[in-house]
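Let's go through this one by asking how each label was earned. Grab a coffee and have the viewer open.

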Amino acid sequence: MTDDPRLQRRQPEVLDEIQLADQNPDFRIDLERVRFSPYFSRLSAVTQVISQAGASPLIHNRLTHSIKVTAVARAIAVTVDDTLVGTTPALSPDISPGGCDAVVVQAAASAHDLGHPPFGHLGENVLNRIARDTLGLRDGFEGNAQTYRILTVLDVCDGASAGLNLTAAVRAAVAKYPWTPQMEGLTFDRDRVYDSTDIPRGIKREGDAIVARKYSAYFLEQDDLIEARASAPALKPWEQSLECSVMDIADDIAYSIHDVDDFYRAGILSQVAVSREFKGWIENSAALRLFAAPELEVEGIRNHAGEGIEALRRRIHRDDPWIADDDAFADAVAVVSEDLVEGLLSTVFDGSIAAERRLSSFTSRWIAHFERSIVAAPPDTPRTGIITLNRRAWHEVKVLKFVHKHFILNRPDIAMYQRGLSQVLVSLVSAFSDWLEDDYDRKRVPRRLIEMVDLATVGYQRLAAERPYLLDDTSPASLRRLGHGRGVIDYVASLSDGQAIAVAEALNGRTDRLWDIGQSL
């Protein structure tokens, strides 16, 4: 056993001679365990934003996204360790022992999307609603928390009884929102009116309540998360580890650039519509600032070009006053307009080598620019990590992400398709829940589902003994019900997009791939 808290694993292991010969063997073992995981392979068949089947095989899925996030994260980690570590109190050895380890960052970046269910963020929202409203799970469903549950409980590796048995440093680096829905360790005064800067990302005030909308662990894994973060005891309760902060920024960078890449390839990003919006704001920003707030609040009900960008500017001031800057915002709109709207989008993507070269030049240029724009974050700023993008680059990422949200995610045809996919998940959870309660046919429930139910039930029994205040009811019947609910959610969330659709058809008696489905269960 090592004395370094960052290397601690929940279950003791003995490394072999080959592993010990490597530099940083513990962290490299973690990286290999993530990359050899079937949950990691599964990401190749999980939607990033739009389905490959409906667009092109070159569209990003969760696996290609994760691979590229890892590449960006490693480049940033090397820069941070060489130039920023030790330059501010937040980057001192007390806060970030061991500096910024590039292998820890790569492991966290590779793992960060393991918990995404079928159909991307749509699936996450649907499963959260079902978990809370139908199954009575107070901690719902959250992709980041599901990632942590996979790493610590659901996945398997040789030599550990549960999970991948990763080091504390890697587990802490995965926790982008290092709390549970209970927000233990975070204290908020109900009578105080908080500025947005005082509340971490992922936590919102809703009426008199302060609610965690994002979190990195369910109640079942709370003790594990606390133990992992103990490896860096100087971190504030809301603060990401340094490696986590690097991974988080890399995810934002890749997301903002690769979505534009996808929509350009698919031919669904209209240069005319995007140009109208950007020119409308650039030419009329002064007038748009005079609009009453309600006129800009409702998506899809906007009558003037530029209103969407103006609404974005106002949201930035409302949510992130710590960095909001109108000059930086205007510069970001101008440079994105020039390089993306009047540059890349002015020529239709036709699959030619010339088109690929234009797109490659665009993505490479922006990613390199963002990688060079990393700075130490202002101290005591819960809305950001230990490091962040400089003011100009931060606003550029916001504007790039606006493009895909405003012009793609709000399209009626995509909304219609997503509503159909949501019904697939609803039917799966309902069908498997009913099957588990069927006294006549329960013995034929897929074995993997039974195993997941058993794991969850044992977890709730432990939680009832150690932290009963987290449960509304600790009776055996209630714990069994919670175990069934969490087990079903774990099972459905572990399916790929194609598996989810095929299994839903099979459960409704409609399939021509029965034996293939049976093998996948």
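Q: What makes up the lining of the second largest pocket, by class?
A: In this predicted model, the lining splits into 8 nonpolar, 6 polar and 7 charged residues. The lining has 21 residues, and those nearest the pocket's centre are Arg10, Thr152, Val153, Ala162 and Arg462. The volume of this pocket is about 420 Å³.

Q: Which elements give two or more residues to that lining, and which gives the most?
A: Two or more residues come from each of α7 (143-154), α9 (222-229) and α17 (447-466). The top contributor is α17, with 5 residues.

Q: Why is helix α5 called largely enclosed?
A: The cut-off for buried is under 20% relative accessible area. In α5 (residues 102-111), 10 of the 10 residues meet it, so the helix is largely enclosed by the rest of the structure. Among those buried residues are Ala102, Val105, Gln106, Ser110 and Ala111.

Q: What covers the buried residues of α5?
A: The cover includes α2 (25-35), α3 (38-42), α4 (62-83), α7, α8 (168-174) and α10 (242-266).

Q: How do you know that a side chain makes a polar contact at the start of α5?
A: A polar contact needs a pair of N or O atoms within 3.5 Å. A side-chain oxygen of Asp101 comes to within 2.9 Å of the backbone nitrogen of Val103, so that pair makes the cut.

Q: Why is Ser37 called buried?
A: Its relative accessibility is 2%, and buried means under 20%, so Ser37 counts as buried. Ser37 sits in the loop between α2 and α3.

Q: What does the side chain of Ser37 reach, and how far in space is Ser37 from Ala111?
A: The Ser37 side chain reaches the backbone nitrogen of Tyr39 at 3.0 Å. From Ser37 to Ala111 it's 74 residues in sequence and 9.6 Å in space, C-alpha to C-alpha.

Q: Why does Arg33 count as buried, charged side chain and all?
A: The relative accessible area of Arg33 is 15%, which is under the 20% limit, so the label is buried. Arg33 belongs to helix α2.

Q: What does Arg33 touch?
A: Leaving out residues up to four places away in sequence, Arg33 touches Arg9, Glu13, Cys157, Asp158, Leu164, Asn165 and Leu166. With Leu164 there's a polar pair too: a polar atom of the Arg33 side chain lies 2.9 Å from the Leu164 backbone oxygen.

Q: Why is Asp252 put in the class in between, partly exposed?
A: Its relative accessibility is 29%, and partly exposed runs between 20% and 50%, so Asp252 lands there. Asp252 is part of helix α10.

Q: Which residues does Asp252 touch?
A: Not counting residues up to four places away in sequence, Asp252 touches Val397 and Lys401. Asp252 and Lys401 are 149 residues apart along the chain, yet 8.9 Å apart C-alpha to C-alpha.

Q: What makes the phi values of Phe119 and Asp380 worth a look?
A: Phe119 has a phi near 70 degrees, a positive value in a residue other than glycine. Asp380 has a positive phi as well, near 55 degrees, and isn't glycine either.

Q: Are those two buried or exposed?
A: Phe119, in the loop between α5 and α6 (120-133), has 6% relative accessibility and so counts as buried. Asp380, in the loop between β3 (374-376) and β4 (387-389), comes in at 56%; exposed means over 50%, so exposed is the label.

Q: Why is Val375 called partly exposed?
A: Val375 is at 31% relative accessibility, between the 20% and 50% limits, so partly exposed is the label. Val375 is found in strand β3.

Q: What does Val375 touch?
A: Leu84, Ile387, Thr388, Leu389 and Asn390, with residues up to four places away in sequence left out. Val375 and Ile387 are 12 residues apart in sequence and 5.7 Å apart in space, C-alpha to C-alpha.

Q: How many helices and strands are there, and what share of residues is buried?
A: The protein has 20 helices and 4 strands, and 54% of its 521 residues are buried.

Note on methods. Residues are numbered from 1 along each chain as its sequence is written. This is a predicted model: local features need pLDDT of at least 70, side-chain atom pairs count only at pLDDT 80 or more; totals for chains, interfaces and linings use all residues. Side-chain values use heavy atoms; hydrogens and water are left out. Buried means under 20% relative accessible area, exposed over 50%, partly exposed in between (1.4 Å probe, protein chains only). On a 1 Å grid over the protein atoms alone, a cavity is a set of points where a 1.4 Å probe fits but cannot get out, and a pocket is an open set with protein on both sides within 12 Å along at least five of seven lines; lining residues have an atom within 4 Å of a point. Grid points are joined across faces, edges and corners, and a volume is the space filled by probe spheres set on the points. Ala, Val, Leu, Ile, Met, Phe, Trp, Tyr, Cys and Pro count as nonpolar, Asp, Glu, Lys and Arg as charged, and the others, Gly among them, as polar. Contact means heavy atoms within 4.5 Å. A polar contact is a pair of N or O atoms within 3.5 Å; within protein, one must be able to donate a hydrogen and the other to accept it, and residues adjacent in sequence count only if both atoms are side-chain atoms.
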